[in-house]
Amino acid sequence: MEKAILKSMEFSEKIKYRIMYMYSIAFILASFLFDSFDGIINGIVNIVMSPTLLLTDYLAIGGIGASLLNSGLLMLFTIFVAGRNDTLMNGPLIAAIFTVGGFAFFGKNIFNILGILLGVYIFSQIQKDHFTRYIIIAYFGTALSPVVSQVSFGMGFNRVPGMLLGVGIGILIGLILPPLASSFVRFHQGFNLYNIGFTAGVIGMIFMSVFRLSGYDHSLEQILVFKTNTYLLILLLLYFLSMILIGLVFSKKRWKEYLILMRSPGRLVTDFVTLHGFSVSLLNMGILGLLGVILVSILKAPLNGPIIGGIFTLVGFGAFGKHPLNAMPVMLGVIVSALFAGISLSSTGLMLTVLFATTLAPIAGHYGYLAGILAGFLHLSLVSNLGHLHGGMNLYNNGFSGGFIAAFLVPVFESYKKETDL
Amino acid sequence: MKDEKSKLLKIMNELVRFFLKAGNHHINIQMDLDEHEGVIILEGCCTRISDKQIHELDSIINSPRKDEAEEYYWNLIGSNDFSELHLLGALVNDGEVGYVGNNLRIKVRRKF
C-alpha cells in the first residue's frame, strides 16, 4: 500500500476521534476542579451575555471553571458534528477544532457560534452539497462570532429580539463565508495560515462600516486577567505533555519522521496528519504547546484567556503547517519589532501577536529564517492598525494582518528569486 | 457540480506544471467529461523522471480524496507559482502514472 495512505491510516478514524474527544472531555472535567457548579453556571451566563469584542477575556468575566467548560463543550460539539458528517480527522479539522477551543477563552461561546455554523450548513444545502465540504470554513468562520454577540447584547436591543437579530446576522455571515473564503485564499497564495482571518476581516470591516453609517459605533474592549493561575498553568503543561507522550509512544519514537516534518515549508495546504501520521503530528502539537507556554513564562506575560487562545491555535496548526522551525523566526521578528518600538514584552497584546504571528510561518519555511523575521517585524507594525476597521468583531485579527503581509512580501520575494519554482 | 469544470481546469494546470517542471515540453492533453466524472490524461516527452518521483506521484493521486479541504482550498491549485500536488491528490479519486514508450503518461479521475 502507498506510503501516504499508510501514514494517514496509522490510527483508525475511530481512535483519532477518541483521542480528540479525550482532550475536550479533559477540559470539561477539569472545569469542576476550579469552581463550584453554581459558580460555573453563573460564569457561563456571563460569558454568553457578553458582547465578546476583542479583547474580552472569559477568565475575567466568567472565571476559570466556566471558561474551561465553554472550551471543552465547544470542542466536544465540533468533534461530534464532524463525526456525524463522516469528516476525516486530518490536519485542517484538528486545527479548526483547537482554534475553536482556544477562542472559547476569549470570544466564542456556546451561543454565538451557532448562527454562523447554521448559515454555512444552509449554504451547503442550497448548493446541494455535503456539509463535510464546508465544515472547515464553518468552524474557522466562527471568528465572526462577536458580531452575533454584539448585535444580541451590545447594541441596546431588547433581549429576545436582539438575540434573534444576532443569530440572523450570524446565519447571513455563514451564507456568504464559503465563496469568500475560497476566493481570498488566492490573495496571499496560501502563505497566511489563518485564511479565514483575512476573509473575516473583510466581512467584519464591511459590517462595521454599515454600523457606522447607521450612526452606531463602539470602541475596542480590554477586559483582561493580569495574573497567571498556577493550577491552570500546570493543567496546560500536563495537557501538552500528554500529547508529546502519546505522540512518542504511538509513533514508536519516529524522530526521523519528525525531522522530515520540520523540513516542510508549511504552506497551505500541508496536512501533517496525512503526510507524517497522526502520532507525529500529535508530538509536534505538544512541542508547540510547550514552546508557547515556555515563551509566555520567559516573557513574563500573564496566562489569560486570549493568550491561552493563542497557544491553542499554535497547537492546532501543529497538525496543519506549523512546526518550531518555521514558527520561531516569525515570533523572533515580532519580538525584535517590539524591542525596536519600545513595546513591553510582557503585555498581553504583544504576547498575542508573538503567538498569532505564526500565521506567517510558511514564509519562514519557504523563503528562510531572515524572511520569517522580516514578516514578523512587519506584522507587528500592521496588526495594531487593523482592529478599528472591523471594530474588534473579527477574532482572527492577526489572520487579517497576515493576509496583507503575505500578499505584500511573496510577490517581492518571488521576483528576486534566481529561478522560478514551477 | 457548479464549479466542477473550473476544478478540472485547475487540476489540468497543476499537471501541466508538473510536466514542465520535469522538463517535458511537448505535451498532449485529453479531457473527457460526462455527468458522473471527469478524466484528464496528459502525455509528454522527453525528459525521464525517476522511479521515486513516479512512485510519489502515484501515491499522491491514489490517496483518499479529502472532501473537508475541497471547498476551502481548491482555488489554490493550478493558479499560482507554487506546486500543489498534495492538494491535487485531495481533489482526485484515483489515477495512473507511468511510461508509454518514451512518453510520460498521467491519468487522473475525479468523480462528481
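Helices and strands here are DSSP runs, helices of at least four residues and strands of at least two, numbered from the N terminus. On that basis, the elements of chain B in this predicted model run α-β-β-α-α-α-β-β from the N terminus on. That makes four helices and four strands for chain B. Chain A, by contrast, has 21 helices and zero strands.

Overall dimensions come next. The radius of gyration of chain A is 20 Å, close to the 22 Å that the globule rule gives for 422 residues, so chain A is as compact as a globular protein of that length. Taken along the principal axes, the C-alpha atoms of chain A fill a box of roughly 60 × 50 × 45 Å. Chain B, with 112 residues, has a radius of gyration of 13 Å, and a compact globule would come out near 13 Å, which agrees. Its C-alpha trace spans about 35 × 25 × 25 Å along the principal axes.

As for burial, 60% of the 422 residues in chain A count as buried, while in chain B the figure is 39% of 112 residues. Contacts can also be sorted by sequence separation. Taking contacts between residues at least 6 apart in sequence, 80% of those in chain A join residues at least 24 apart; in chain B, 63% do.

Chain A splits into domain 1 (3-213) and domain 2 (240-414), and the C-alpha centres of these two domains lie 20 Å apart. Where they meet, domain 1 of chain A puts in 53 residues and domain 2 of chain A puts in 51 residues. On the domain 1 side, H1, helix H2 (13-34), helix H4 (58-61), H6, H9 and H11 of chain A each supply at least two residues. Sorted by class, that side of domain 1 holds 31 nonpolar, 18 polar and four charged residues.

The largest nonpolar core has 165 residues, of which Ile97(A), Ile137(A) and Ala375(A) touch the most other members. Helix H15 (residues 278-298) of chain A gives this core its largest share, eleven residues. The core also draws at least three residues from each of domain 1 and domain 2 of chain A. Looking at one of the well-connected members, and leaving out residues up to four places away in sequence, Ala375(A) touches Val330(A), Gly333(A), Leu360(A), Ile363(A), Ala364(A), Ile405(A) and Leu409(A). As a general matter, nonpolar side chains tend to be buried together in soluble globular proteins.

Two helices of domain 1 are worth a closer look. H9(A) is mostly covered, with ten of its ten residues buried. The buried set runs through Ser145(A), Pro146(A), Val147(A), Val148(A), Ser149(A), Gln150(A), Val151(A), Ser152(A), Phe153(A) and Gly154(A). These residues pack against helix H7 (114-126), H10 and H11 of chain A. Just after H9(A) comes Gly156(A), with a positive phi of about 85°.

Next up is H11(A). At 1.5 Å a residue, the 19 residues of this helix (195-213) should span 27 Å, and the end C-alpha atoms are indeed 27 Å apart, which agrees. Buried residues in H11(A) include Asn195(A), Ile196(A), Gly197(A) and Phe198(A), and farther along Phe207(A) and Met208(A). The buried residues of H11(A) pack against helix H8 (135-140), helix H9 (145-154), helix H10 (159-184) and helix H21 (397-415) of chain A. H11(A) is followed by Gly215(A), whose phi is also positive, near 90°.

Turning to the contact between the chains, 33 residues come from chain A and 26 residues from chain B. Helix H1 (3-8), helix H6 (91-103), H8 and H10 each supply at least two residues of the chain A side. H10(A) gives the most to that side, with four residues. The chain A side divides into 15 nonpolar, eleven polar and seven charged residues.

Finally, there is a glycine in chain B. Gly101(B) sits in the loop between strand S3 (94-100) and strand S4 (103-111) of chain B. With 7 other C-beta atoms within 10 Å, where 12 or fewer count as exposed, Gly101(B) is exposed. Gly101(B) and Cys45(B) are 56 residues apart in sequence, yet their C-alpha atoms are 9.8 Å apart in space.

Conventions
Residues numbered from 1 in each chain as written. Chains lettered and ligands numbered in written order. Predicted model: local features only at pLDDT ≥ 70, side-chain atom pairs only at ≥ 80, totals over all residues. Expected span 1.5 Å × (residues − 1). Buried ≥ 20, exposed ≤ 12 C-beta atoms within 10 Å, placed from the backbone. Contact = placed C-beta atoms within 7 Å. Nonpolar A, V, L, I, M, F, W, Y, C, P; charged D, E, K, R; others polar. Core = buried A, V, L, I, M, F, W, Y, C linked by C-beta atoms within 7 Å. Domains from an automatic or database assignment. Rg over C-alpha atoms; globule rule 2.2 N^0.38 Å.
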